[in-house]
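Biologist: Before we discuss particular regions, could you put the sequence and the structure up for us to look at together?

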Amino acid sequence: MIDHPAFTVEPWAVSEERLNLNVLAQSESVFALSNGHIGLRGNLDEGEPFGLPGTYLNGFYETRPLPYAEAGYGYPEDGQTVVNATNGKLIRLLVDDEPFDIRYGELLGHTRSLDLRDGVLRRHVRWRSPSGREVEITSTRLVSFVQRSVAAIRYEIKVCDDEPLRIVAQSELVANEPNAMKTRDPRAAAALEAPLEAEEQEVNNLRVVLVHRTHKSKLRMAAGMDHVVEKVDGIVAGAEAGHDLGRVWLTAELQPGKTLCFTKFLAYGWSSRRSLPSVRDQVDAAVSSAKRTGWDRLAEQQREYLDGFWEHADVEIDGDGELQQAVRFALFHTLQAGARAERRAIPAKGLTGPGYDGHAFWDTETFVLPLLTYTQPHAAADALRWRHATLGLALERAKTLELKGAAFPWRTIRGQECSAYWPAGTAGFHVNADIADAVIRYVRATDDEEFEATTGLELLVHTARLWRSLGHHDHEGRFHIDGVTGPDEYSAVADDNVYTNLMAEQNLRHAALVASKHVDHARALGVDDEEIAAWRDAASAIHIPYDERLRVHPQAEGFTHHRTFEFNGIQYPLLLHVPYFRLYSTQVVKQADLVLALYMRGNQFSAEQKARDFAYYEPITVRDSSLSACAQAVIAAEVGHLDLAYDYFGEAARMDLGDLMDNTRDGLHIASLAGSWIAAVAGFGGMRDFGGDLSFRPRLPNALSRLEFRVRYRNRSIRVRVRHKDVTYELVDGEPLEIVHYDETLTIDGPVTREWHVEDPGPEPKQPPGREPRHRRVRG
Ligand code: BGC
């Protein structure tokens, strides 16, 4: 964990006032810059020391054989692992004759700051070399939201003592960097040694381009850099390139008080199909364009882009400065993960680290897309188009599994199933209904008919076919889905998982609805009336197990009959300390599962059921997944445990600023960060969008005096301001909109204010020992 206060509390930045080498890898993730297309970890400019070097290109991976102790039918043979691509962040420096390295000499000051409005990482260093020379280095780094293949670094060296100083700056591109990653944690990545094979190097003045290819996946990439140097007397510059190294050097003798200042423009291109000249020239062109734009304009564009984002997405909080910062940090990183991913995946770690091998999971559709749908809808549509682009592979996978329709992968980069563990992999079929859910939400929030009739319909139809073939009607006609794994990975291959069944029910019903609406498109997919009727029958007969004795929903058939889990002497996360047999055969829950169903399919449960179910699952949910806290926050808020909801909200938002899972070094937990928006908007805003009208049941914990958020909905932008005892809804732009406040329908045009109140929910449930969320609540 990162001890507080590693980062100072401020509203629009995350800053570090001194360099702490013990948390270097964590801070590299926190300070990572990305636009969803390319991603640079926050490694120090000079490359060393580092925790984990990282430069990622979305969809750029190497394949590797998946090892199995015992073979089984349908197991995927190859995995995909994100590649640490050519590092263009490097700027090495020689001060007189000594390499600038903060581990030597004396570090007189070292600050870094991630500016959430300017979208840049700033660094300021004051250093005295071992022989006593003093310099100041200022660097500013950005990954452009506007020019998606471009990054840039502004670098400045100043002489701080009163003698002239010889400076050599070496700006580099380095391929096949050595990696420091060694761990037994299954959540980390399979490190690849030297994954890149050199193909071509090009040097032209201060521009260098290196082209490489992966050995097995045969993906080609090019990295290019060019430089603009501010005039300094007597400066000499040159460039050279070898297989895995491109270097531009600048050397000068600087007079006291003088600076050497330059901008490094970087560009990346990659492809599975295009020829070497095509990828190389693309990068050459992107560098030229960035250079023509120039640093100042790139920085301005970045600010304009982010101003636009915050205008529609900001969440303001009064009463907890740390949480305000954490939520903005969370929104910023979710944007970075998804903004320009376009038709590529949004991985669980975004492009901030190699964790989970760079794979995308259901995290995208269930946790990230809600935020994007209501703030950046085009990015949500693009993410769904990416899923759609992998439909062919999902159809094939279903065939292999002897199923109909499409079986989307549990984890992947390119679309192929990459999970080597069936029970917590392929059996997690709910991902298919999660994709359908994201389609339904997107269409509801945008009225994008064109998307609905094409991409949306196809995704709904093929996933509905999967459910229809995966499930079966029993002799009484009830529809069951057996042998699947729900979100809780500590219960695997179970029958009638409530979350899965309810999500599948929605999937089947909506496929029928949308197919009946877009008849021609549906017919072209081979859908006929009989098939639509079969979907409707399955949906209306879906079996939802219920334990009459306890009056709660078992998360799957029989779950509440399992033994209780003995928590004495237990260590977390359980997956690293307890045999799976024990996890699978007892009542212990890794992450919100039934509780997630209470949120996602909230209109299928009564208020009383929600309260009873929540109280039942709290003491057995260990939150070994970062995806849990936000869902628990939403339901805690809904059933009235506002302080508990607040604690969970804090946990979701501070997941990485506090390194709460102890693995921020491998990359950020994007779903949890996006989930903090869900905790704010669906939890304390009480926003639901179950069809019909957009509804709100706002509420606030004592510690917060104001929560304000914006959402985009059907071409409108609305602002919701929750204070103690009242809420104001305001239309910021677009036509008047009908919403529901508690049980009252309101038309919002100008601001409308209403009161809210929450019934006393009774005693707060307890969590498993050692798993209480860290308290943020006001005591007493
Ligand atoms: C969770 C999954 C999640 C994955 C990636 C696992 O620990 O159990 O639900 O998709 O992490 O975040």
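Modeller: For the ligand site, a residue is near a molecule if one of its heavy atoms lies within 4 Å of it. This is a predicted model, in which local features need pLDDT of at least 70 and side-chain atom pairs count only at pLDDT 80 or more, while totals for chains, interfaces and linings use all residues. Residues are numbered from 1 along each chain as its sequence is written, and side-chain values use heavy atoms, with hydrogens and water left out.

Biologist: Which residues are around the ligand?

Modeller: On that criterion, the residues around the ligand include F361, D363, E489, Q591, S625 and L627. The list is completed by Y356, W362 and K590.

Biologist: How far is an oxygen atom of the ligand from an N or O atom in the side chain of K590?

Modeller: A polar contact with the ligand is a pair of N or O atoms within 3.5 Å. For Y356, a side-chain N or O atom is 2.9 Å from an oxygen atom of the ligand, and a polar side-chain atom of W362 lies 2.9 Å from a ligand oxygen. For K590, the separation between a side-chain N or O atom and an oxygen atom of the ligand is 2.9 Å.

Biologist: Why do the buried residues of α14 lie on the same side of the helix?

Modeller: Helices (DSSP runs of H or I, at least four residues) are numbered from the N terminus, and buried means under 20% relative accessible area, exposed over 50%, with a 1.4 Å probe and protein chains only. In α14, residues 607–617, the buried residues are K610, D613, F614 and Y617. They are on the same side of α14 because the arc they cover around the axis, taken from the directions from the helix axis to the C-beta atoms, is only 100°.

Biologist: Which helices do the buried residues of α6 pack against?

Modeller: In α6, residues 391–400, the buried residues are L391, A394, R397 and A398. They cover an arc of only 115° around the axis, which puts them on the same side of α6, whereas the face turned away from that buried side carries the exposed residues E396 and K399. With contact meaning heavy atoms within 4.5 Å, the buried residues of α6 pack against α5 (377–389) and α8 (449–470).

Biologist: Which residue in the turn between β27 and β28 has a positive phi?

Modeller: Strands are DSSP runs of E, at least two residues, and two of them pair if DSSP finds at least two bridges between them. Six bridges join β27 (residues 716–723) to the antiparallel β28 (residues 726–733), with R721 opposite T728. These strands form a hairpin with two residues between them, and the turn residue with a positive phi, about 85°, is K725.

Note on methods. Polar contact = N/O pair within 3.5 Å; in protein donor to acceptor, adjacent residues only side chain to side chain.
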